[in-house]
Amino acid sequence: MTSSTHKHQPHQLPNMYGATAAPPPTPSAQPNIPVSTSDAADALSILLHRLPSPTLTLPTRRSPPATCPLTLSLNNNSTTAPATLLDDLLSASSQLGFFQLTDHSLPSQLARSAESDSLALFDLPRDKKESSFPKNWPFGYEADDEDDDEERGESFRLDSSCSTESAELSSLDSLREFTIAMEKLGVRIVELLCSAVGFENPIKEDPTRFCSLMWITEGVPGNKPALSGGFYPYIVGLQYQIRCQKYSLLADSGWVSVSPQVDSVMVTLGDIAHVWSNGKLKKVRGRPVAHLGDTNNTRCISMSLLVTLPADSTISPLLHKLVGSNDDEIEKDEEQSDGSSGEREERLFNSFSFEDYAWRVYHERILFKDPLDRYRI
C-alpha cells in the first residue's frame with residue numbers, strides 16, 4: 001500500500017540531450033565578444049563579393065537621330081503651282097508641320113553675306129546695340145538680364161527693312177536684301193498653303209495684312225540651347241541652311257531632331273496657320289533650336305524670318321466647310337456611307353486677339369503646354 005506521505009512527483013518531459021547532457025546555453029549566457037565596425041564591414045564586403053553579380057541594364061537618355069525633312073521643290077519659272085507640289089505640300093503640312101524647300105530663288109552667296117552682316121551686329125558694344133536697336137516690342141535688341149535665371153542669349157528682332165536708329169549701321173544691305181527675299185518667298189508659301197488646304201488667302205500680297213520679323217540669334221558652343229528664348233506667333237517660318245547643322249523642333253508630336261540639306265530653306269508652320277486651317281495643318285512651336293557641340297569653335301548665327309500678322313489682327317478658323325466645285329459634290333458628301341454630313345465641319349477654335357495672344361506666349365515662356373488650348377472649343 002502506498003504511503004500517504006509520498007509526495008506527488010510532477011510529470012517530466014524526456015531529456016532530449018541524454019541523461020548527462022547539459023542544456024544549450026541561452027543567448028544571455030553567450031560571451032559578449034566585441035566586434036569592431038571595420039571588421040564587420042570587411043566581413044560584409046567579402047560576403048557581397050562572393051555573391052553572383054546581377055546584370056543590370058539601365059535606360060540611357062539619348063537624343064533621337066536627326067532626320068532629313070521632306071523635300072519640296074519650287075519651279076520658279078512657273079506662275080502656277082503643279083498639282084503634285086500642292087499634294088506634297090498638303091501631305092507634309094498636315095502630317096509633320098515642317099519641310100525643306102529646294103530650287104528656290106535665294107542665292108547662297110546672299111545668305112552668307114547676310115550672315116556676315118549679322119555677325120557684325122553681335123560684335124558691337126552692348127550700349128551700341130541697345131541704342132541702335134531700341135526695344136519696341138516685338139522689335140529691338142534683347143539680352144540676358146543679370147537677375148534672370150533663364151539663358152535666353154542675345155537676339156535682334158528686325159522688321160523687313162532692318163531699320164536701325166544708327167546712321168553708322170545703315171549699310172546692312174545684304175541683310176536687308178536677304179530679309180526682303182525671304183519675306184517674298186514666305187508670302188508665296190502662304191499662298192500655296194491656302195490653295196492646298198482649300199481656303200482663300202487672307203493676306204494675299206497686301207502689305208497691310210501681314211508683317212515680317214527677322215529674328216537673329218547667335219549660338220555659342222558649349223552653352224545650353226536657348227529653349228525659352230522667346231516665342232512669337234507666326235504663319236510660316238523660314239530658315240536658310242547655310243551649312244550642315246542639326247536642329248530641334250517642338251512639333252505637335254514633341255521634340256523632333258532634323259538636319260536639312262545645305263542651301264535648302266527649312267519651312268515651319270506656325271500656330272496661326274494651325275488655327276486658320278481649323279487644326280488640319282500641324283504646327284511647330286517657336287523657332288528651330290540649333291545643336292552646338294563643345295568642340296566646334298565656329299560661331300553660329302540663326303536667321304529666322306517669321307511671316308506673321310499686324311498687332312490689331314484677329315485670329316479665327318477660315319475653313320468652316322468642305323470645298324466643293326458644285327452642289328452635286330456637296331450632296332454626295334452629305335450622303336457618306338457612315339451617315340455623317342460632309343458639308344460642314346466642327347469649329348475647333350474660338351476667335352481671339354492676336355496682340356493679346358502674342359504678348360502672353362512671349363512673356364510667359366510657355367513651352368510644355370500648348371498655349372492654344374485656352375481657345376479650343
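# Close-up views of selected sites

**View A. Aspartate 173, at 49% relative accessibility, is partly exposed.** This view, like those that follow, shows a predicted model. The value of 49% falls short of the exposed class for aspartate 173, because that class begins over 50%. Aspartate 173 takes part in a salt bridge with arginine 176, and the closest N and O atoms of the pair are 3.3 Å apart. Both residues belong to helix α5 (residues 173–197), where three residues, about one turn of the helix, separate them. An α-helix has 3.6 residues a turn, so residues three or four places apart point the same way.

**View B. Glutamate 115 and arginine 243 form a salt bridge, with their closest N and O atoms 2.9 Å apart.** Glutamate 115 is part of helix α3 (residues 108–122), whereas arginine 243 lies in the loop between β6 (236–240) and β7 (247–251), so the pair ties together parts that are 128 residues apart in sequence. How buried or exposed are the two partners? Glutamate 115 is buried, at 7% relative accessibility, while arginine 243 is partly exposed, with a relative accessible area of 34%. From arginine 243 to serine 264 the C-alpha to C-alpha distance is 9.6 Å, and these two residues are 21 apart in sequence. In the model, the count of salt bridges comes to 12.

**View C. Aspartate 373 and arginine 376 meet through their side chains in a salt bridge of 3.0 Å, N to O.** Through salt bridges that share partners, Asp252, Lys283, Asp370, Asp373 and Arg376 are joined into one network. Aspartate 373 is partly exposed, its relative accessible area being 37%. Arginine 376 is also partly exposed, at 34% relative accessibility.

**View D. The largest cavity holds about 100 Å³ of space.** The model contains five cavities of 30 Å³ or more. Which residues line the largest cavity? Its lining consists of Glu115, Gln239, Tyr240, Gln241, Ile242, Arg243, Gln245, Tyr247, Cys300, Ile301, Ser302 and Met303. Glu115 and Arg243, both in this lining, are the salt-bridged pair of View B. By class, six of the lining residues are nonpolar, four are polar and two are charged. β6 and β11 (300–308) each supply at least two residues of the lining. The largest share, four residues, comes from β11.

**View E. Strand β6 pairs in the antiparallel sense with β9 (residues 265–269) over five bridges and runs antiparallel to β11, to which four bridges join it.** Valine 236 has a bridge partner in each of these strands: leucine 269 in β9 and valine 307 in β11. Further along β6, leucine 238 stands opposite leucine 305 of β11. Five of the five residues of β6 are buried. Val236, Leu238 and Tyr240 lie on one side of β6, and Gly237 and Gln239 on the other, so that both faces of this strand are covered.

**View F. Strand β11 is mostly covered, with nine of its nine residues buried.** Cys300, Ser302, Ser304, Leu306 and Thr308 point one way from β11. Ile301, Met303, Leu305 and Val307 point the other way, and the residues of both sets are all buried. Among the residues of β11, Cys300, Ile301, Ser302 and Met303 belong to the lining of the largest cavity, shown in View D.

**View G. Histidine 104 lies in the loop between β2 (98–102) and α3.** This histidine 104 is buried, with a relative accessible area of 14%. Which backbone atoms does the side chain of histidine 104 approach? A polar atom of the histidine 104 side chain lies 3.2 Å from the backbone nitrogen of leucine 106. The side chain of histidine 104 also reaches the backbone oxygen of aspartate 263, at 2.8 Å.

**View H. The N-terminal end of helix α8 (residues 354–363) is capped by serine 353.** A side-chain oxygen of serine 353 lies 3.4 Å from the backbone nitrogen of glutamate 355. Within α8, the buried residues include Phe354, Tyr357 and Ala358. Arg360, Val361 and Tyr362 of α8 are buried as well.

Technical notes: Residues are numbered from 1 along each chain as its sequence is written. This is a predicted model: local features need pLDDT of at least 70, side-chain atom pairs count only at pLDDT 80 or more; totals for chains, interfaces and linings use all residues. Side-chain values use heavy atoms; hydrogens and water are left out. A salt bridge is a side-chain nitrogen of Lys or Arg within 4 Å of a carboxyl oxygen of Asp or Glu. Buried means under 20% relative accessible area, exposed over 50%, partly exposed in between (1.4 Å probe, protein chains only). On a 1 Å grid over the protein atoms alone, a cavity is a set of points where a 1.4 Å probe fits but cannot get out, and a pocket is an open set with protein on both sides within 12 Å along at least five of seven lines; lining residues have an atom within 4 Å of a point. Grid points are joined across faces, edges and corners, and a volume is the space filled by probe spheres set on the points. Ala, Val, Leu, Ile, Met, Phe, Trp, Tyr, Cys and Pro count as nonpolar, Asp, Glu, Lys and Arg as charged, and the others, Gly among them, as polar. A polar contact is a pair of N or O atoms within 3.5 Å; within protein, one must be able to donate a hydrogen and the other to accept it, and residues adjacent in sequence count only if both atoms are side-chain atoms. Two strands pair if DSSP finds at least two bridges between them.
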